[in-house]
Amino acid sequence: MEGPPPQYTAKTLDDYLEHLSKGVFQAGISWRVVDAKWPSITKAFRGFNVERVARMTDRDIDALVKDERVIRSRPKIAAVVHNAGELLALERAGGFKKHLKSFPEYEALATDLKKRFKFVGDSGVYHFLWTVKQPVPDWREWSRAHGMDWEAKAQASRGGKSRSPRAKSRPRTKPRTAIRRAS
């Protein structure tokens, strides 16, 4: 993904589940894979209807694990079902939006969300909160504080040996050998 992810105004609990789930599926794999399969994932999870997803059974999860149109990770699929149940519980206990706003600062909220939701770590919480327009620290400061100085890594990779564009596209050839057959 180039640049920051897009931000959305979550209008329903279903919207929150969808944005939370995108980070769940991305964990450990390329954003391109997630984006390519997202329409099928959305359909498989019934449009991320929280009530319906929370009622999914082990049999439903097993069926999705066999579906080639989705990312077939049982732990991730089960995490989405679990997370739907947690969202519903928070909604019924006073409202999910209210819960998000009840924390005085980012780190306390992030810690709470990581405890409640499955397959959501430091990056997943940051991504989720950013995409649903919740206050988050500057990503450079946040990444350094969490041992993920992406800016330094990007600069280091740009500062390495620079090859000309032609050199990159030139095919590798085997060195010529001086072996001749005797006739």
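Helix 4 and helix 5 are oblique to each other in this predicted model. Their axes cross at roughly 140 degrees and come within 9 Å. The briefing below sets out this crossing, the aromatic pairs, the burial of helix 8, and two residues, Leu100 and Asn83.

**Crossing of helix 4 and helix 5**

- Helix 4 spans residues 58-65 and helix 5 spans residues 74-92.
- The angle of roughly 140 degrees falls short of the range over 145 degrees that counts as roughly antiparallel, and the pair is therefore classed as oblique.
- Helix 4 passes helix 5 in a right-handed crossing.
- On the side of helix 4, the contact is made by Asp58, Ile61, Asp62, Leu64 and Val65; helix 5 contributes Arg74, Ile77, Ala78 and Val81.
- Sorted by class, this contact comprises six nonpolar residues, three charged residues and no polar residues.

**Aromatic pairs**

- The model contains 10 aromatic pairs.
- One of them joins Phe25 and Trp38 edge-to-face, with 6.2 Å from centre to centre and 75 degrees between the planes.
- Phe25 belongs to helix 1 (residues 13-26) and Trp38 to helix 2 (residues 31-44), so this pair ties together parts that are 13 residues apart in sequence.
- Phe25 counts as buried because its relative accessibility is 1%, under the 20% cut-off.
- Trp38, at 8% relative accessibility, also counts as buried.
- The rings of Phe96 and Phe117 form another pair, with centres 6.4 Å apart. Their planes lie at 75 degrees, so the arrangement is edge-to-face.
- This second pair links distant parts of the chain, 21 residues apart: Phe96 is in helix 6 (residues 96-101), whereas Phe117 is in the loop between helix 7 (106-116) and helix 8 (122-131).
- Phe96 and Phe117 are both buried.
- Ring pairs also join Phe96 and Phe117 with Tyr16 and Phe128 into a cluster.

**Burial of helix 8**

- Helix 8 is largely enclosed by the rest of the structure, because seven of its 10 residues are buried.
- The buried residues are Gly124, Val125, Tyr126, His127, Phe128, Leu129 and Thr131. Among them, Phe128 is a member of the aromatic cluster.
- The cover over these buried residues includes helix 1, helix 2, helix 6, helix 7 and helix 9 (139-145).
- Lys133, just after helix 8, takes a positive phi of about 65 degrees.

**Surroundings of Leu100**

- Leu100 is located in helix 6 and counts as buried at 3% relative accessibility.
- Leaving aside neighbours within four places in sequence, Leu100 is in contact with Tyr16, Leu109, Leu113, Leu129 and Gln134. Of these contacts, Leu129 is one of the buried residues of helix 8, and Tyr16 is part of the ring cluster.
- The C-alpha atoms of Leu100 and Pro135 are 9.9 Å apart in space, although the two residues are 35 residues apart in sequence.

**Surroundings of Asn83**

- Asn83 is found in helix 5, one of the partners in the crossing with helix 4.
- At 0% relative accessibility, Asn83 counts as buried.
- Not counting residues up to four places away in sequence, Asn83 touches Leu17, Leu20, Val24, Phe117, Lys118 and Val120. One of these, Phe117, pairs edge-to-face with Phe96.

Notes. Residues are numbered from 1 along each chain as its sequence is written. This is a predicted model: local features need pLDDT of at least 70, side-chain atom pairs count only at pLDDT 80 or more; totals for chains, interfaces and linings use all residues. Side-chain values use heavy atoms; hydrogens and water are left out. Axes are lines fitted to C-alpha atoms, for helices over the stretch in contact, and angles run from 0 to 180 degrees between N-to-C directions. Helices (H or I, at least four residues) and strands (E, at least two) are DSSP runs, numbered from the N terminus. Angles under 35 degrees count as roughly parallel, over 145 as roughly antiparallel, 65 to 115 as roughly perpendicular and the rest as oblique. A crossing is left-handed if the near helix is turned anticlockwise from the far one by less than a right angle, and right-handed if clockwise. Contact means heavy atoms within 4.5 Å. Ala, Val, Leu, Ile, Met, Phe, Trp, Tyr, Cys and Pro count as nonpolar, Asp, Glu, Lys and Arg as charged, and the others, Gly among them, as polar. Rings of Phe, Tyr and Trp (its six-membered ring) pair if their centres lie within 6.5 Å; planes under 30 degrees apart count as stacked, over 60 as edge-to-face and the rest as tilted. Buried means under 20% relative accessible area, exposed over 50%, partly exposed in between (1.4 Å probe, protein chains only).
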